[in-house]
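I opened my notebook to look up a few things in this structure, one entry at a time. Come along and check each one against the picture.

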Amino acid sequence: MAERLKARLSKSRICQKRIASSNLAPTVLKIMNQDWEKFAKTNPRYYIALDSCCEHDFWRKGEENFQNFILPVLEKYKIKRDSALDFGCGLGRYTFPLRKYFDNVVGVDVSDAMFDLARKEVVSRNIENVFLKNNEQFFGSDQKFDFIFCANVFQHIEQSEEIENIFAKFGNISIGYCYLQFDTRPIDFLYKIKMSLPDWLLPKAHRHGIRRIRRNAEWVRALSNWMGFDVIEEFNPNSKYHYFLLRSFIRH
Ligand SMILES: C[S@@+](CC[C@H](N)C(=O)[O-])C[C@H]1O[C@@H](n2cnc3c(N)ncnc32)[C@H](O)[C@@H]1O
C-alpha cells in the first residue's frame with residue numbers, strides 16, 4: 001500500500017510541472033462539472049451547505065467561519081496580505097470574507113453555472129477586488145498566491161488522482177501557505193457499506209457527487225510533502241472538518 005502510494009506520488013511529482021500547466025484530466029473534470037452544473041442549477045445553497053436553513057444563514061455561516069477559523073490563522077502566521085485563492089469557491093461564501101484581509105482574491109470553480117451565480121454576487125455587491133476564474137483559466141495561468149484556501153471541495157472528489165493534480169498545481173503557484181479541508185473520519189464498516197450502496201437506496205445528501213469521501217490523513221500529509229509543502233499545523237483531526245495548514249518549502 002505504502003509502496004503503491006509512493007510510486008504514484010513519485011509519478012505525480014515527476015509530472016508536476018507538466019500536469020500543472022496542462023488541461024487536467026478532462027474526463028474527470030467533465031464528470032465533476034456535470035454534477036456541480038446540476039447542483040448549481042437546482043439548489044446551489046443546499047448542495048454547498050447542507051445545514052443552512054435559508055439564504056441569510058448561508059452567508060452568515062461563511063462570515064462566522066471566516067472570523068472563527070480562518071482569520072485567526074491568517075493573523076497567527078502573519079500571512080502576507082497581497083493575494084489569496086479560494087479554490088472551488090462556489091457562490092463565494094468564503095471568497096467575499098477573504099477580501100477583507102487580502103488586497104486581491106481569486107475564486108475558481110469548475111462549474112459554469114456556479115461561476116455565473118458567483119459573478120452575479122460580485123456585481124450586485126459592487127466588489128472590486130474579487131476575480132473569478134473557471135478551471136481552464138486557472139490551470140492555464142501562473143499567478144502566484146500568498147494563501148490558498150479550499151473548503152468542502154476535496155471531500156467531494158472521488159478520484160484521488162484528481163486531488164493529486166490539483167495539489168501539483170498548488171505546489172507551482174503557492175508562495176506562502178495553503179489551508180485545506182479534508183474529511184478524515186475513520187473509514188469504518190458503516191461507511192464502507194454506505195459507499196457500496198446504489199444512489200436510489202440513499203438519501204439525497206449521501207448520493208454520488210455530493211457525499212463526503214473520507215481520506216486517510218497520512219495520505220494527505222504524504223501528498224503535501226511530495227508536492228513541496230511542510231505541514232505546519234492541523235486543526236480538528238479525524239473529523240469532517242480536518243484542516244491542514246501547509247507551507248511551501250520550494251522557492252519560486
Ligand atoms: C460544496 S461546494 C463548496 C463551495 C465553497 N468552497 C464553500 O464552502 O462555500 C463545492 C464547490 O467546489 C466546486 N468544485 C468541485 N470540484 C472542483 C474542481 N475539481 N475544481 C474546481 N472546483 C471544483 C464545485 O463546483 C462547487 O462549487
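**Entry 1: the strand S2**

Which residue in S2 stands opposite Leu85? I looked it up and found Val106. Before going on, I noted that I am working with a predicted model.

Next I followed the strands themselves. Strand S1 covers residues 83-87 and runs parallel to S2, with 5 bridges joining the two. Strand S3, residues 130-134, also pairs with S2 in the parallel sense, again over 5 bridges. For a residue pair on that side, I picked Asp109, whose bridge partner in S3 is Asn134.

Is S2 enclosed or open to the outside? I counted 5 buried residues out of its 6, so S2 is largely enclosed by the rest of the structure. I also wrote down a textbook reminder: side chains in a regular strand alternate between the two faces of the sheet.

**Entry 2: the shell around the ligand**

I stayed with S2 for a moment, as this strand (104-109) supplies at least two residues of the shell around the ligand. Helix H3 (26-42) does so too.

Which residues come nearest to the ligand? There are 19 residues around it, and the nearest are Trp36, Gly88, Gly90, Arg93 and Val110. I then sorted the shell by class and got 11 nonpolar, 6 polar and 2 charged residues.

**Entry 3: the helix H5**

I turned to H5, which spans residues 55-76 and has 22 residues. From its first C-alpha to its last it reaches 31 Å, close to the 32 Å expected at 1.5 Å a residue.

Where is the kink in H5 centred? I found it at Phe66, with a bend of about 40°. Phe66 came up again when I listed the buried residues of this helix, alongside Gly62, Ile70 and Leu74. These buried residues pack against helix H6 (95-98) and strand S5 (174-182).

**Entry 4: the strand S5**

That packing made me curious about S5. In this strand 7 of the 9 residues are buried, so S5 is largely enclosed by the rest of the structure. Its parallel partner is strand S4, residues 145-150, and 5 bridges link the pair. Which residue of S5 is the bridge partner of Cys150? My note says Leu180.

**Entry 5: two positive phi values**

I wrote the general rule at the top of this page: most residues other than glycine have a negative phi. Then I looked at two residues with positive values.

Lys78 follows H5 and lies in the loop between H5 and S1. Its phi is positive, about 45°, although Lys78 is not a glycine. Asn126 sits in the loop between helix H7 (112-124) and S3. Its phi is near 55°, also positive in a residue other than glycine.

Are they buried or exposed? Lys78 has 7 other C-beta atoms within 10 Å, so it is exposed. Asn126 has 6 such atoms within 10 Å, so it is exposed as well.

**Entry 6: two lysines**

I looked up Lys38 next, which lies in helix H3. Why does Lys38 count as partly exposed? Because it has 15 C-beta neighbours inside 10 Å. I also checked it against Ser111: the two are 73 residues apart along the chain, yet their C-alpha atoms are separated by 9.1 Å.

Lys240 is in the loop between strand S6 (229-235) and strand S7 (242-248). With 14 C-beta neighbours inside 10 Å, Lys240 counts as partly exposed. Which residues is Lys240 in contact with, leaving aside its neighbours within four places in sequence? They are Asp183, Arg185 and Arg212. Gln155 is 85 residues from Lys240 in sequence and 8.6 Å away in space, C-alpha to C-alpha.

**Entry 7: the whole chain**

I finished by stepping back. The protein chain has 11 helices and 7 strands. Of its 252 residues, 34% are buried. How much of the contacts with a separation of 6 or more comes from residues 24 or more positions apart? I wrote down 70%.

Note on methods
Residues are numbered from 1 along each chain as its sequence is written. This is a predicted model: local features need pLDDT of at least 70, side-chain atom pairs count only at pLDDT 80 or more; totals for chains, interfaces and linings use all residues. Helices (H or I, at least four residues) and strands (E, at least two) are DSSP runs, numbered from the N terminus. The expected span of a helix is 1.5 Å times one less than its number of residues. The bend at a residue is the angle between axes fitted to the seven residues ending there and the seven starting there. A residue is buried if 20 or more other C-beta atoms lie within 10 Å of its own, exposed if 12 or fewer, and partly exposed in between; C-beta atoms are placed from the backbone. Two residues are in contact if their C-beta atoms, placed from the backbone, lie within 7 Å. A residue is near a molecule or strand if its C-beta atom, placed from the backbone, lies within 6 Å of it. Ala, Val, Leu, Ile, Met, Phe, Trp, Tyr, Cys and Pro count as nonpolar, Asp, Glu, Lys and Arg as charged, and the others, Gly among them, as polar. Two strands pair if DSSP finds at least two bridges between them.
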